[in-house]
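Hi there,

Here is the structure I promised to pass on to you. Have a look at it first, and then read on for what turned up.

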Amino acid sequence: MRVALVLGSGGARGYAHIGAIAELERRDHEVVAISGSSMGALVGGLYAAGSLDGYTAWARSLHQRDVIRLLDPKWSAGGAIKADRIFAEVESLVGDRLIEDLPIPFTAVATDLRARREVWFQRGPLLSAIRASIAIPGVITPVVMNGRLLADGGLMNPVPIEPTAAAAADLTVAISLSGERVAGEQAGPAREPSTPTWREELVGRVRRTVGRERGPDPEPEPEPDPGPEQLRITDVVGLSMDAMQGLVTRYRMAGLPPDVLVTVPVSAARSLDFHRAAEMIELGQRLTAEALDAAGR
């Protein structure tokens with residue numbers, strides 16, 4: 001069966017795309033078109049170029065300390081991370097390949113921040129297109145290309161189905177990385193009083209007291225639901241992107257739904273948990289198998 005594959009944005013959860021591709025191959029489905037935003041553009045571009053196996057082996061080898069070194073924090077005005085070392089690894093795999101020369105038609109989606117519009121890369125250097133699509137605002141420095149200030153494609157199109165609409169495919173499979181954090185998560189507004197509860201005030205006092213006694217922790221381990229004192233800037237940006245992309249995805253897919261939707265919950269991993277490749281790949285393959293079985297595909 002010929003498949004148009006749509007790979008969504010979501011940081012390290014995007015390793016699930018690798019598992020989704022593995023499941024499609026296991027079922028002998030042929031991918032005839034790919035579009036992706038952010039991490040979806042990275043995985044999709046590597047697969048279209050025939051270089052995904054090398055990247056997967058490298059990703060599986062990463063430990064948390066390796067990720068910190070690879071992210072190359074700079075705290076520059078445009079973003080906290082340059083990520084040049086990561087892209088050096090990607091460049092070693094794809095070289096100077098052009099998108100139009102890839103064996104599978106591919107579209108990387110980025111966002112033009114000044115013009116407030118999507119940019120579809122379907123021609124030109126593959127590496128440059130991936131670099132533009134994956135620039136998470138406030139985290140990875142944006143890219144200037146042809147006079148455009150380009151950032152993460154997930155800002156405007158987290159699951160970019162539209163570039164594959166004209167593909168000669170029997171089936172459109174989309175992988176969203178913005179699924180519900182918990183079953184039955186409500187999307188509507190919550191009506192709450194603005195006064196803190198007694199429980200929140202008590203927890204806040206305890207945290208402040210413990211913090212004074214223990215002193216600062218250079219690398220605190222995140223709690224399941226940490227308070228503001230435990231959150232890093234990258235955590236706040238990641239949570240903000242997850243909230244925004246979940247809403248944008250629901251609205252956009254309402255107008256153009258895929259034939260099969262695979263949904264990875266946002267709670268599966270944080271945006272920068274790039275040391276968790278093995279479990280995300282396994283999760284992606286399992287969720288894709290369940291979605292395809294449910295659709296009879």
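Below are my notes on the core, the aromatic pairs, one aspartate and one helix. Please keep in mind that this is a predicted model.

Let's begin with the core. The largest nonpolar core has 73 residues, and Tyr15, Tyr55 and Phe121 are the ones with the most contacts inside it. A second core, separate from that one, has five residues, among them Val6, Val159, Ile161 and Ala174.

Tyr15 is a good place to start browsing. Beyond residues up to four places away in sequence, Tyr15 touches Met39, Tyr55, Ala59 and Leu62, as well as Asp273, Phe274, Arg276, Ala277, Met280 and Ile281.

Next come the rings: the structure holds two aromatic pairs. One joins Tyr15 to Phe274 in an edge-to-face arrangement, at 6.0 Å centre to centre and with 85° between the planes. Tyr15 sits in the loop between strand S1 (2-7) and helix H1 (16-26), while Phe274 sits in the loop between strand S11 (260-265) and helix H9 (277-294), so this pair ties together parts that are 259 residues apart in sequence. Both of these residues, Tyr15 and Phe274, are buried.

The other pair is Tyr55 with Trp58, which counts as tilted because the planes are at 50°, with the ring centres 5.6 Å apart. Tyr55 and Trp58 belong to helix H3 (residues 52-60) and are three residues apart, about one turn of the helix. Residues three or four places apart in an α-helix point the same way, because there are 3.6 residues a turn. Tyr55 and Trp58 are both buried.

Now for a charged-type side chain that you may want to inspect: where is Asp112 found? Asp112 is part of strand S5 (residues 106-112), and it counts as buried because its relative accessibility is 4%. Its side chain makes a polar contact with the side chain of Arg148 at 2.6 Å, and a polar atom of that Asp112 side chain lies 3.1 Å from the backbone nitrogen of Ala115. Apart from neighbours within four places in sequence, Asp112 is in contact with Arg117, Val119, Arg148, Leu149 and Leu150.

Finally, helix H1. This helix is mostly covered, with eight of its eleven residues buried. The buried residues of H1 are Ala16, His17, Ile18, Gly19, Ala20, Ile21, Glu23 and Leu24. After H1 comes Asp28, which has a positive phi near 65°.

Happy exploring, and do write back with any questions!

Best wishes

Methods
Residues are numbered from 1 along each chain as its sequence is written. This is a predicted model: local features need pLDDT of at least 70, side-chain atom pairs count only at pLDDT 80 or more; totals for chains, interfaces and linings use all residues. Side-chain values use heavy atoms; hydrogens and water are left out. A nonpolar core is a set of buried Ala, Val, Leu, Ile, Met, Phe, Trp, Tyr and Cys residues joined through side-chain atoms within 4.5 Å. Buried means under 20% relative accessible area, exposed over 50%, partly exposed in between (1.4 Å probe, protein chains only). Contact means heavy atoms within 4.5 Å. Rings of Phe, Tyr and Trp (its six-membered ring) pair if their centres lie within 6.5 Å; planes under 30 degrees apart count as stacked, over 60 as edge-to-face and the rest as tilted. Helices (H or I, at least four residues) and strands (E, at least two) are DSSP runs, numbered from the N terminus. A polar contact is a pair of N or O atoms within 3.5 Å; within protein, one must be able to donate a hydrogen and the other to accept it, and residues adjacent in sequence count only if both atoms are side-chain atoms.
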